[in-house]
Each structure stands twice: as C-alpha cells, then as structure tokens.
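Reader: I am new to this structure, and I would like to understand how the words used for it are justified. Could you take me through them one at a time?

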Amino acid sequence: MFKKIAGFTKITLLFILAAVLTMTGIGISLQPEYMQKEVAEADPSVMEMKNKPIRTIYKGSETVVQQPVLASAAPNKQEKQSDKTVYLTFDDGPSELTEEVLDILKKKDIKATFFVLGAQAKVRPEMIRRIHEEGHVIGNHTYNHDYSKLYERFHEFWDQIKQTEETVRLITGNRPQLVRAPGGTAGKFDETYFRLLQEGGYRVFDWNVDSGDSRRRGVPAAEIVKGATAQVNLDKAIVLLHDGAGHRESVKALPDIISYYQKKGYRFDVLTPEMEPVQFKLQSKVVPKLVQPGKQWIADHVSGNGSLFKAGKTLTIDMRGFATEFAPGEYRVAQDKLLVPLRTAVERLGGKVTWDNKNRAVQVSLSKLNWVADPEKGVIQINGSGGKTIASEVTFIGNTVWMPIRDILEISGHPMKSISYDSNKYRIVTL
Ligand SMILES: [Zn+2]
C-alpha cells in the first residue's frame with residue numbers, strides 16, 4: 001500500500017516537474033529522453049527504493065528497518081543505472097598493500113571508501129594523496145586503533161578523531177567527515193559516543209557485509225570472497241574489507257569480489273555524509289562509560305565542530321608566499337576582530353608553541369622571534385633585549401588560548417597589508 005502511494009506520488013511529481021520545465025522552456029531539449037526513461041522505470045517498487053534512504057539497523061540476525069523520509073523527487077542519472085549499490089570499504093590503511101588495492105580499483109574504474117588510521121596516514125602521506133586524487137573517499141578510523149584507550153572514555157576517541165582529521169587535512173586539504181569505529185560500534189560505543197559524534201558533524205558508518213578478513217590471522221582469499229558476497233539480497237551493501245598490513249589475502253580476493261557484484265548488477269559507489277548511515281543498534285547491555293564528558297568540555301570541543309562541515313567563509317592568510325587557511329568554525333569573529341586558536345595559527349604559519357604551566361602562559365616561536373602570550377593578563381611579552389609588554393586580546397575560550405590574528409601577524413614582523421572579503425572568504429595579505 002505504502003509502496004504504491006509512494007510510487008504514484010513520485011510519478012505525479014515528475015510529470016508536474018516536466019510539465020513546468022516544458023512550459024517555462026527550460027525543459028524542451030531535455031524533455032523527451034527524460035520522460036521516456038522515467039516512464040519506462042515507473043515500477044512502484046523500484047521507485048520507492050531509489051528515492052528513499054532506508055535506515056537499517058542490524059543487531060545480530062534481527063534487523064530493524066525504520067520508516068524513511070521521502071527524499072527529493074529530482075531524478076539522478078547515475079541512479080538509473082542500477083538500483084543495487086555496493087560500497088567497498090577498506091579499514092586500517094594505508095599500508096604497503098594500499099597501492100595494489102588502488103591499482104585494482106583503477107583498472108576496474110571503481111570508487112571505494114578508505115577508513116584510514118592517522119598514524120598510518122602520517123607515514124604514508126603519498127598514499128593518502130593518491131586515494132584522494134583518484135576520487136575515492138577518505139574516512140576517519142581514529143589515530144592508533146587502540147581499543148583500551150579509545151573505548152575507555154569519549155575524550156580519547158574525540159582527540160584521536162581530531163588528530164587524524166588534521167593529519168589528513170594537511171595532506172589533502174579536506175577533512176574527513178565519515179567515521180568508522182575500530183572494531184565497529186557494537187559493544188563499544190555508549191549513547192554518548194553516538195550523540196556527540198553526530199553533534200560534532202560526523203557520520204558514523206558500520207557495515208552490513210563482513211568479508212571476515214579480520215576474523216583471524218591469514219584468512220584465505222576464497223573465504224574472504226565468500227564472506228564478502230554472502231548477502232546477495234541487500235540493496236545497499238556496505239562491505240567491510242581491510243587494507244592494513246597483513247591483509248594480502250584481501251587484496252587477492254578483491255578482483256573476485258568486484259566481479260561478483262558486477263555480475264549481480266550492482267553499481268559501485270562511495271559513502272557520503274548525506275546517506276543514512278548504517279549503524280549497529282546500541283546494545284542495551286552496553287554500560288555507559290564511567291567517565292562522561294562534562295558540559296563545559298562538550299561546549300569547548302563538540303558544539304562548534306559541526307560548522308567545520310558547513311559552508312561558510314574560510315579565512316586565508318598569505319604571509320609572504322606562505323599561505324594557510326582556516327575553515328568556517330576554526331576561527332571566530334568577535335567585535336570586528338578575527339580570533340584564531342593560537343597554537344593552530346602558529347603551527348600552520350610554521351612556528352612552534354609550548355604551554356608554560358608554571359606561569360600559565362604560551363611561549364611562541366614564530367618567524368625567528370620568541371614571545372609569550374599571557375591569556376590571564378591579556379598581554380604579550382616580547383623576549384630578548386629591550387623586550388616590551390603589549391596589550392592584546394589574548395584570551396582563554398574553554399581550555400584553548402585564542403588571539404586576534406592581526407596581533408599574531410604584527411608581532412611576527414608580518415603586519416597586515418590588506419584584508420578583503422566576499423561571500424566565500426576573508427583574505428589577509430601581510431607584508
Ligand atoms: Zn580497524
């Protein structure tokens with residue numbers, strides 16, 4: 001019943017849309033092909049599936065399907081090729097095996113999603129670059145995969161997500177928004193993990209097809225193929241694979257896995273933040289972690305984080321040929337001043353900071369000059385002979401020291417020459 005209504009509504013909408021487009025003259029050249037295809041595919045059951053992301057929650061053998069929301073009626077050309085989609089996902093890389101995985105994907109012209117570890121990204125930045133440049137999606141799999149730390153309390157999980165995010169951002173310029181929990185969320189995430197990651201703008205993806213390649217050491221390729229192709233009836237198959245060290249058999253299995261899904265008429269795609277994530281259901285036996293983040297910690301770390309993934313002005317700084325950028329959410333505008341986190345700003349401009357706990361001040365070394373920022377007194381002390389003290393709006397926001405970017409640049413001997421802005425960005429050029 002529901003299916004029929006949904007299909008009918010969809011067709012009606014398409015006819016109205018096409019009619020409007022034709023009337024306004026926009027759709028004239030488009031109209032014939034567009035209408036034919038839609039009518040040819042106007043099978044209600046097909047239409048329903050194509051247009052509504054279904055939130056499926058897996059809990060052992062029991063599957064709960066929540067009623068989805070009707071998505072946009074605008075047809076998408078890609079979606080017409082096939083109704084079934086497979087999302088190949090690779091965890092734990094990049095490793096020495098990633099290159100081979102990328103070669104196979106390239107040969108087959110397939111895009112996949114790589115949930116990378118920050119520590120691995122750091123030692124193989126060229127692989128991260130290649131994954132990115134070849135059109136795959138990079139997701140965040142934490143920094144070091146260490147369960148004992150990650151699942152003790154949320155703070156540690158968050159810190160590792162941010163650390164990996166910064167590592168990837170420095171290589172590709174993009175920050176990963178998709179997150180996969182090491183080992184999956186089941187039995188590991190409490191409600192706080194789900195809620196705060198969502199609030200921070202991240203999208204957590206588990207999987208619904210486990211290739212079984214990490215069940216034990218050295219699972220043979222044939223068994224991995226079997227595991228990765230077990231759920232033939234899924235419309236959206238999210239396949240868990242690994243490209244971390246020691247997973248050579250997964251690489252061996254990959255061509256067969258790809259051929260299998262191709263034969264079954266699946267199209268291949270990457271996970272996106274817009275999709276309804278597939279997540280394991282929060283198990284009632286999971287006890288909330290003993291240490292929970294406090295209100296202030298959440299306000300300082302999580303609350304503003306979501307805006308990093310929203311469109312807004314970026315702040316770019318050109319410091320004598322050395323350019324850096326702050327995304328929306330990474331800086332603040334307060335009383336006509338652009339404030340930036342001191343450590344982030346100095347490090348991105350090629351300098352160093354250390355926190356002097358005794359004097360509760362930040363020691364900065366930037367452009368061969370040393371100075372101290374005192375957030376409690378709101379002053380800067382310039383070191384060296386004839387060192388002077390100047391007032392600045394250096395201040396704590398939460399536990400982070402923020403400072404007007406103008407002051408940072410001026411003290412470093414690169415005063416602002418110009419500041420301009422349009423709807424997309426602020427741009428500062430220094431002397
Ligand atoms: Zn993993």
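Author: Let me begin with a definition: a crossing of two helices is called right-handed if the near helix is turned clockwise from the far one by less than a right angle, and left-handed if it is turned anticlockwise. Please keep in mind throughout that this is a predicted model.

Reader: Which hand does the crossing of α11 and α12 have?

Author: The crossing of α11 and α12 is right-handed, and the two helices in question are α11, residues 221-228, and α12, residues 248-263.

Reader: What makes α11 oblique to α12?

Author: The two helices pack at an angle of about 50°, with their axes 8 Å apart. Angles under 35 degrees count as roughly parallel and those from 65 to 115 as roughly perpendicular, and the angle of about 50° belongs to neither class, so α11 is called oblique to α12.

Reader: Which residues of α11 and α12 meet, and how are they divided by class?

Author: On the side of α11, Ala 221, Ile 224, Val 225 and Ala 228 take part, and they meet Glu 249, Ser 250, Lys 252, Ala 253, Asp 256 and Ile 257 of α12. Sorted by class, this contact has six nonpolar, one polar and three charged residues.

Reader: Why is Pro 220 called exposed?

Author: A residue counts as exposed if 12 or fewer other C-beta atoms lie within 10 Å of its own; Pro 220 has 12 such atoms, and therefore it is exposed. Pro 220 belongs to the loop between β8 (209-210) and α11, and although Pro 220 and Ala 253 are 33 residues apart in sequence, their C-alpha atoms are 8.5 Å apart in space.

Reader: How do you know that Asp 92 is buried?

Author: The cut-off for buried is 20 or more other C-beta atoms within 10 Å, and Asp 92 has 24 of them, so the word buried applies. Asp 92 is in the loop between β3 and α5 (98-108), and its phi is near 80°, a positive value in a residue other than glycine.

Reader: Why is a positive phi worth pointing out?

Author: Most residues other than glycine have a negative phi, and most peptide bonds are trans. The loop between β3 and α5 also holds Pro 94, and the peptide bond that joins Gly 93 and Pro 94 is cis, with omega about -5°.

Reader: Lys 368 has a positive phi as well; is Lys 368 buried or exposed?

Author: Lys 368 has 8 other C-beta atoms within 10 Å, and with 12 or fewer as the limit it is therefore exposed. Its phi is near 65°, and its place is in the loop between β17 (361-366) and β18 (369-374).

Reader: What makes strand β3 mostly covered?

Author: Strand β3 runs over residues 85-91, and six of its seven residues are buried.

Reader: Which strands pair with β3, and in which sense, parallel or antiparallel?

Author: With strand β9 (residues 236-242), β3 pairs in the parallel sense over seven bridges, among them the one between Tyr 87 and Ile 238. Strand β4 (residues 113-116) is also parallel to β3, over three bridges, and Phe 90 has Phe 114 as its partner there. With strand β10 (residues 267-268), the parallel pairing rests on two bridges, and two is the minimum that a pair needs; one partner of β3 in this strand is Phe 268, facing Val 86.

Reader: Why are β16 and β20 called edge strands?

Author: Five strands form an open antiparallel sheet in the order β16-β17-β18-β19-β20, and β16 (352-356) and β20 (389-391) each pair on one side only. The twist from one strand to the next averages 25°. Strand β19 (residues 379-382) and β20 are joined by three bridges, and the bridge partner of Ile 380 in β20 is Ile 390.

Reader: Which strands are at the edges of the sheet β14-β15-β22-β21?

Author: They are β14 (332-334) and β21 (395-397), each pairing on one side only. This open sheet of four strands is antiparallel, and its neighbouring strands are turned by 40° against each other on average, direction ignored. Within the sheet, β15 (residues 337-341) and β22 (residues 400-404) pair over three bridges, and Pro 341 has Trp 402 as its bridge partner.

Methods
Residues are numbered from 1 along each chain as its sequence is written. This is a predicted model: local features need pLDDT of at least 70, side-chain atom pairs count only at pLDDT 80 or more; totals for chains, interfaces and linings use all residues. Axes are lines fitted to C-alpha atoms, for helices over the stretch in contact, and angles run from 0 to 180 degrees between N-to-C directions. Angles under 35 degrees count as roughly parallel, over 145 as roughly antiparallel, 65 to 115 as roughly perpendicular and the rest as oblique. Two residues are in contact if their C-beta atoms, placed from the backbone, lie within 7 Å. Ala, Val, Leu, Ile, Met, Phe, Trp, Tyr, Cys and Pro count as nonpolar, Asp, Glu, Lys and Arg as charged, and the others, Gly among them, as polar.
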